[in-house]
There are 2 protein chains.
Amino acid sequence: MQVPVAYEQAMARKYPEQVAIAIARDAQGKYNPITLGWTMITSHEPPLMAISIGHTRYSLEVIRHAREFVVSFPTSAMASEALLYGTKSGRDLDKLAASGAKTQSAGVIDGVLLTDAVANFECKLVSELETGDHVLFVGQVVAAHMNEDRTAGRLYSLGDDRLGGVTPD
Amino acid sequence: MQVPVAYEQAMARKYPEQVAIAIARDAQGKYNPITLGWTMITSHEPPLMAISIGHTRYSLEVIRHAREFVVSFPTSAMASEALLYGTKSGRDLDKLAASGAKTQSAGVIDGVLLTDAVANFECKLVSELETGDHVLFVGQVVAAHMNEDRTAGRLYSLGDDRLGGVTPD
């Protein structure tokens with residue numbers, strides 16, 4: 001039986017929710033990562049991905065400036081990096097350097113890939129839509145990469161500010 | 001180490017991916033569900049959710065007609081219903097009746113909730129964006145509901161056409 005509740009109470013039942021990291025080059029030349037829970041695929045042909053960035057976030061102006069970005073799927077072992085990228089601002093910090101994460105150059109766009117991630121997708125910005133307190137960016141995937149090691153699974157938000165892996169039942 | 005691969009090969013590493021079901025009333029008065037993997041939240045205030053519907057799908061015209069829809073989070077026990085809603089078309093079939101799923105009336109919109117789901121969100125359509133072979137619909141959540149039974153977790157796509165639950169590691 002469904003019972004009416006406050007939005008926040010019902011939405012607290014959404015977990016586990018997959019985590020992605022978007023990385024774009026800022027005007028100073030720094031590659032800036034942000035951890036996101038609100039991402040989805042939105043087209044097969046052409047391959048398009050959508051990400052939601054809050055109006056207050058530094059990544060908003062970075063992505064509008066760069067007009068291209070990498071979407072990376074972190075592994076379950078990357079919780080500490082993901083937490084840092086999601087809670088610190090690139091206005092004040094070189095987050096990739098602070099995390100010590102291994103990176104490698106993207107192949108098509110001016111960007112970096114997270115070497116230890118499950119997969120990385122190079123995207124060119126094709127459209128954006130204002131959505132309340134966020135902006136929804138749509139990027140076309142122009143190159144894809146995956147980890148040679150196929151054993152590691154994705155990282156998820158588990159609720160109560162916890163991040164970790166999941167196993168199918 | 002990341003290695004360049006075809007898009008489909010890298011994207012095959014995305015699983016588990018959470019599943020949602022969108023339900024809207026068609027022009028004949030039938031409540032039509034569709035199972036979706038491509039959904040996300042896209043604003044806190046106001047609360048907005050985004051769903052991607054393929055250009056060929058019956059739900060595209062249904063949602064454009066109804067301009068409101070329910071987003072339901074099925075439980076891990078609802079794999080068979082979700083599979084039916086994702087593979088059959090409401091043009092030919094009353095999918096809710098065919099599945100035998102228990103429903104109850106929405107509170108604010110003209111819609112139905114899935115009684116056995118984890119949670120249901122009543123949404124009013126606020127915008128849409130063409131995204132390749134899909135249309136991205138943004139709905140504002142105007143009412144939320146959750147299952148009195150809080151023990152059941154969400155349903156996920158697990159890859160290779162399998163659906164099931166997950167457990168945090």
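These legends describe close-up views of a predicted two-chain model. Local features need pLDDT of at least 70 and side-chain atom pairs count only at pLDDT 80 or more, while totals for chains, interfaces and linings use all residues. Residues are numbered from 1 along each chain as its sequence is written, and chains are lettered from A in the order in which they are written.

**View 1. Open sheet of chain B.** In chain B, 3 strands (DSSP E runs of at least two residues, numbered from the N terminus) form an open antiparallel sheet in the order β2-β12-β13. β2 (17-18) and β13 (162-164) each have a single partner strand, so one side of each is left without a neighbour in the sheet. β12 (residues 156-159) pairs with β13(B) over 3 bridges; pairing requires at least two DSSP bridges. Tyr156(B) has Gly164(B) as its bridge partner in β13(B).

**View 2. Contact between chains A and B.** Chain A and chain B give 59 residues each, contact meaning C-beta atoms, placed from the backbone, within 7 Å. On the side of chain A, β11(A) gives the most, with 9 residues. That side divides into 30 nonpolar residues (Ala, Val, Leu, Ile, Met, Phe, Trp, Tyr, Cys and Pro), 7 charged (Asp, Glu, Lys and Arg) and 22 polar (the others, Gly among them).

**View 3. Strand pairing across the chains.** β1(A) runs antiparallel to β11(B) (residues 134-147), joined by 4 bridges. Val5(A) stands opposite Ala144(B).

**View 4. Surroundings of Ala50(A).** Beyond its neighbours within four places in sequence, Ala50(A) is in contact with residues including Leu136(A), Phe137(A), Met40(B), Ala50(B) and Leu136(B).
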